[in-house]
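Colleague: I would like a close look at a single part of this model, namely the contact between the two chains. Please take it step by step, and add whatever helps to place it.

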Amino acid sequence: MLPTWVQLVYLACAVCFILALKGLSGPKTARNGNLVGAVAAVVAVITPFVVKNPATGEHLHHVPLIVAAIVVGTIGGVYGAQKVQMTQMPQMVALFNGVGGGAAALVALLELHEHLAAHESENWFVWAATAFTIVVGAVSFAGSAVTFAKLQELMTSRPVTFPGLRYLFAITLAAAVVLSVRLVIVQSMWLGIVLGLIGLLFGLLLVLPVGGADVPIVISLLNAFTGLTVAAGGYVLSNTVLLVGGTLVGASGTFLTLLMANAMGRSVTNILFGALKGGSTLGGGEASDRPVKSLQPADAAILLGYAERVIIVPGYGLAVAQAQHSLRELVDVLGERGTTVDYAIHPVAGRMPGHMNVLLAEAQVPYEQLKEMDDINGDFKDADVVLVVGANDVVNPAAKTTPGAPIYGMPILHADEAKNIIFMKRSMRPGFAGIENELLFDEKTQLLFGDAKDTMGKLLNAVKAL
Amino acid sequence: MSVAVVWLTIFVLSVFVGIEVISKVSSTLHTPLMSGANAIHGIILLGAILVTGSTDNTAAVIVGVIAIVLASVNMVGGFVVTDRMLQMFTQRKKPAAKPASNDSAAGSKGASA
C-alpha cells in the first residue's frame, strides 16, 4: 500500500482534474481550469520519483532515462502545440489522443510482462482490465492515426470500403473478444502482443469507412476510448489518479460524442457503421455543370454596402484561406456604415464542434456578434444579404429535403430564407460531406468565385470605395 | 468490501461526475473541452513511469521509454494547445473595447504578443 499522504496527494490531483473539466464549461474560468489540471498532472507525475514503489519497496529505477524520455516527449508536445495552426486543431487533438492510447496499450503490455515475470496470481478482473487496455488502446492509436491522415488530407477524406469489409470487421471483433477471454484464463506475453495487433487492425477497420464530415465525431469517441483505457490501466496499476482521470474523460467524452452526433442529426451507430451497411455516407464528390449565377466583388460590395441587415455564415474555407482578419475588417466597415451585421455559427462549423468559435476568436471577432444557430435562424428571413464564406454543408437545404443524403437530418442555418445570398467559393467542388449544395442553384444566390482571402480583400476595398 | 468493489464504486461515481461537469458546456467551448479532456488522459504518463521504473528487463525498459515519450507528448501537448485556444477567448474582450481598426493584421499581432 502507498503511504496515506501519497494517496491523499493522488486524491487531490483527481479532484483538480474534475475542477479542470468544470472550469472548461465557461470562457471566464476555462483558462484557469486548464492550468489547475496541468498543475495536478505535474504533481502526480513527480510523486513516483519521491515515493518508494509499494510493490517492490524500491525507488524508481532508470531515473535518468525516464527523465530524458519525459524531456523528449515534452519538447515534442510543446513544439507541436505551439506550431499547429488553429485550422489544424482537430487533427492535432486526434494525434495527441492517438499517442495517449498507444501509451496506455504499451503500459498494459508491460504490466502483463511484470505480472508474468513475478508469477503473480491476480484476480480475473485485473486480467480483463489488462486485455481491455491493450485492445482499446491500440484501437485508439490506429483509429486516431487514420483520422489524422484524413483530416490532414494525407489520404482521401471519403469513406474507404472494400468487399468483405464487414466480414473482416466481424472476424476481428470476434477475435478480440475471444482472445481477451483467453488472456483472462491463461496469461501469456504472446497473447498480449497478438491482442495489441488485433486492436490496431480493428482501429483501422473502424475508421476507414467513416467519411470526412463525420471524422470529428470519431475523434471524440476515440478520445473517450483512450480515457477508458487509462481508467482500466489505473485499476491494473492500483492508481486512483489514473482511474478517476481516465473515467472522467471516458464519461465526458462519450457524452460529448452524443451531443455532437445530435447537433448533426445523426446517431453514433449510423456514423460508425453507415458505410458498412451500404455506403450511405458516400457522396458524389464531383462538381456539377448546372448553371449558376456569379458576380464580381464590386457588385457584391454594392449589395452589402446598401443592405440594412447582413448575416455572415463563416466556414472552414474562410479559416483555411486565412481570410478571417479581412472579414472582421469588412464587418467593421459595414458596421460604420450603419449596417447590422451578425455571424451565424453552426455548432459544427469548421472541422469539429466549437472549432469556428476558436477560429474567429483568433481573429478577435467580438463575442456579441457571434450568434448560435438557434438564436439566429429566425432572423434570416429579415436579412437583406447573407454572405456565406467557405461554408457549404451547414447551409445545404439537402439536410431538410433529401432523405439519404449524408447530412440529412442535420439542423442547418436557414440561409435560403434571406433576400439575397452571396456565396464565396473557390470552385464548384462540394463541401466536406461530398454532396452538392442546392442553395448554389437558388434564384437568389450569386457566387463570388476565388480564393477567400484574395476575394475578401477586393470586396473590402470595394466596400470602402462606396 | 472487496478492493475490486471499492474501485468499481470510484469508477461509477467518476462516470456521473464526468457527465455532470460537461453537460452544461456551450458548443462554443467544445473544441477546447475535447482538447482539455485529451490532455487529462495523458496522465497515463504516470502509469508509464511506474512500470518503467520497476523493471530491469531491457526490452521492457525500451518499450516503457517509448510509452513515456508518447504519454508526455499527449499530456504536455494537450495542456499547451488547450491553453493556446483558451487564451484567445479571454483576450477577446480587450480588442472588442477599442474601436474598429483599419489594420487588422497589426492589431492581432499586437494583442497576441
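Modeller: What follows starts with the chain contact, goes on to single residues on either side of it, and ends with two sites in chain A.

The model is predicted, and every value below is computed from it. Chain B is the simpler place to begin. Its 113 residues are 56% buried, and its secondary structure consists of 6 helices and 0 strands. Read from the N terminus, the order of elements is therefore α-α-α-α-α-α. Of the contacts in chain B with a separation of 6 or more, 67% join residues 24 or more positions apart. About 4,400 Å² of chain B is exposed, and 70% of that comes from carbon and sulfur atoms.

Now the contact itself. Chain B places 85 residues in contact with 103 residues of chain A. Between them the two chains bury about 8,700 Å², with 75% of this area on carbon and sulfur atoms. The polar part comprises 19 residue pairs in polar contact, both residues at pLDDT 80 or more. Salt bridges between chain B and chain A number 1. The partners are Asp83(B) and Arg31(A), whose closest N and O atoms lie 2.8 Å apart. On the side of chain B that touches chain A, two or more residues each come from helix 1 (3-22), helix 2 (30-41), helix 3 (44-52), helix 4 (58-91), helix 5 (93-97) and helix 6 (104-112). Helix 4 of chain B gives the most to that side, with 31 residues.

Two residues of chain A show the contact in detail. Leu106(A) sits in helix 4 (residues 89-117) of chain A. Residues up to four places away in sequence aside, Leu106(A) touches Val63(B), Ile66(B), Ala67(B) and Leu70(B). Within chain A, Leu106(A) and Gly137(A) are separated by 31 residues in sequence, while their C-alpha atoms are 8.3 Å apart.

Ser220(A) belongs to helix 8 (residues 215-236) of chain A. Its relative accessible area is 0%, so Ser220(A) counts as buried. Apart from neighbours within four places in sequence, the residues in contact with Ser220(A) are Gly253(A), Leu256(A), Thr257(A), Met260(A) and Met34(B).

The next site in chain A is a loop residue, Asn437(A), between strand 5 (420-425) and strand 6 (445-449). Asn437(A) is classed as buried because its relative accessible area is 1%, under the 20% limit. Its side chain makes a polar contact of 2.7 Å with the side chain of Asn392(A). The side chain of Asn437(A) also reaches the backbone nitrogen of Leu439(A), at 2.9 Å. With neighbours within four places in sequence left out, Asn437(A) is in contact with Asn392(A), Val395(A), Asn396(A), Pro397(A) and Phe423(A).

The last site is on the surface. Leu8(A), Leu11(A), Val15(A), Leu19(A) and Val36(A) make up a nonpolar patch there, with about 410 Å² of accessible area together. Helix 1 (residues 4-23) of chain A supplies the largest share of the patch, 4 residues. Val36(A) lies in helix 2 (residues 27-50) of chain A. Val36(A) counts as partly exposed because its relative accessibility is 32%, which falls between the limits of 20% and 50%.

Note on methods: Residues numbered from 1 in each chain as written. Chains lettered and ligands numbered in written order. Heavy atoms only, no water. Patch = residues over 30% accessible without salt bridge, like charges linked within 9 Å, V, L, I, M, F, W, Y side chains within 5 Å. Areas by Shrake-Rupley, 256 points an atom, 1.4 Å probe, with all protein chains shown as cover. Salt bridge = Lys/Arg side-chain N within 4 Å of Asp/Glu carboxyl O. Buried < 20%, exposed > 50% of the residue type's maximum accessible area, 1.4 Å probe, protein only. Polar contact = N/O pair within 3.5 Å; in protein donor to acceptor, adjacent residues only side chain to side chain. Contact = heavy atoms within 4.5 Å. Buried area = accessible area lost by both parts, 1.4 Å probe.
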